[in-house]
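Biologist: Could you take me through a few features of this model and show how each of them is read?

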Amino acid sequence: MNTNAIRNKGGRPPFGGSPEAAAADRECRRNEYVDLRQKLAMSPAALARLLGLSVGTVRRLPAWSDPAFAPTNATLALMRAELVRRARATIEEAELRAEIEAELAVHEARWHVEKYDADIANLDDAA
């Protein structure tokens, strides 16, 4: 058993890759975590509930100063799924709002036609 690989958590490469590749992967995951967290705009407590992590861990992430600690791919996948769920809800809400506004515009136009059409007919009769 390679005890050096176990002790050196920060540089232990995934599947026999180089330590530099492992570091680059962690850096990429940290950057994606920062981007997703900014887009989600959730409190640390709400994000911790979503991810199933402790609030302390969420506050610690993206862990720029810890070479052995970075968000996992599963954490990032949960954050992406929440972002997609919110986007779909926003789209549905926008479509529903557009449909309601279109119906209101039609009803308002009909009301104007009914109200003012009678007034025009009265003017024609008076003339």
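The dialogue below takes up the core, the surface and some details of the backbone.

Modeller: Before we begin, please keep in mind that this is a predicted model.

Biologist: Which residues make up the largest nonpolar core, and how many are there in all?

Modeller: In soluble globular proteins, nonpolar side chains tend to be buried together. Here the largest nonpolar core has 12 residues, namely Tyr33, Leu36, Leu40, Met42, Ala46, Leu47, Ala48, Leu51, Val58, Leu61, Leu76 and Met79. At least two residues of this core come from each of helix 2, helix 3 (44-51) and helix 5, and helix 3 gives the most, with 4 residues.

Biologist: Which residues is Met79 in contact with, if its neighbours within four places in sequence are left aside?

Modeller: With those neighbours set aside, Met79 is in contact with Tyr33, Leu36, Arg37, Leu40, Leu47 and Leu51.

Biologist: Which residues form a nonpolar patch on the surface?

Modeller: Such a patch is formed by Leu96, Ile100 and Leu104, which together have about 290 Å² of accessible area. To place the patch in the fold, note that Leu96 is found in helix 5, which covers residues 73-126.

Biologist: Turning to the backbone, where is there a cis peptide bond?

Modeller: The angle to read is omega, and for the bond that joins Leu61 and Pro62 omega is about 10°, a cis peptide bond. Pro62 is found in the loop between helix 4 (55-60) and helix 5, while Leu61 is one of the residues of the largest nonpolar core.

Biologist: What is the phi of Ala63, and is Ala63 buried or exposed?

Modeller: Ala63 has a positive phi of about 60° although it is not a glycine, and this residue lies in the loop between helix 4 and helix 5. Its relative accessible area is 6%, and because buried means under 20%, Ala63 counts as buried.

Biologist: And how should I read Ala41, which is found in the loop between helix 2 and helix 3?

Modeller: Ala41 also has a positive phi, near 50°, in a residue other than glycine. Its relative accessible area is 65%, and since the cut-off for exposed is over 50%, Ala41 is exposed.

Biologist: What does a relative accessibility of 39% say about Asn31?

Modeller: Asn31, which lies in helix 2 (residues 19-40), counts as partly exposed, because 39% falls between the cut-offs of 20% and 50%. The C-alpha atoms of Asn31 and Trp64 are separated by 9.6 Å, and these two residues are 33 residues apart along the chain.

How values were computed. Residues are numbered from 1 along each chain as its sequence is written. This is a predicted model: local features need pLDDT of at least 70, side-chain atom pairs count only at pLDDT 80 or more; totals for chains, interfaces and linings use all residues. Side-chain values use heavy atoms; hydrogens and water are left out. Buried means under 20% relative accessible area, exposed over 50%, partly exposed in between (1.4 Å probe, protein chains only). Patches are made of residues with over 30% relative accessible area and no salt bridge: like charges are joined within 9 Å, nonpolar side chains (Val, Leu, Ile, Met, Phe, Trp, Tyr) within 5 Å. Accessible areas come from the Shrake-Rupley method with a 1.4 Å probe; for residues, only the protein chains shown count as cover. A salt bridge is a side-chain nitrogen of Lys or Arg within 4 Å of a carboxyl oxygen of Asp or Glu. A nonpolar core is a set of buried Ala, Val, Leu, Ile, Met, Phe, Trp, Tyr and Cys residues joined through side-chain atoms within 4.5 Å. Contact means heavy atoms within 4.5 Å.
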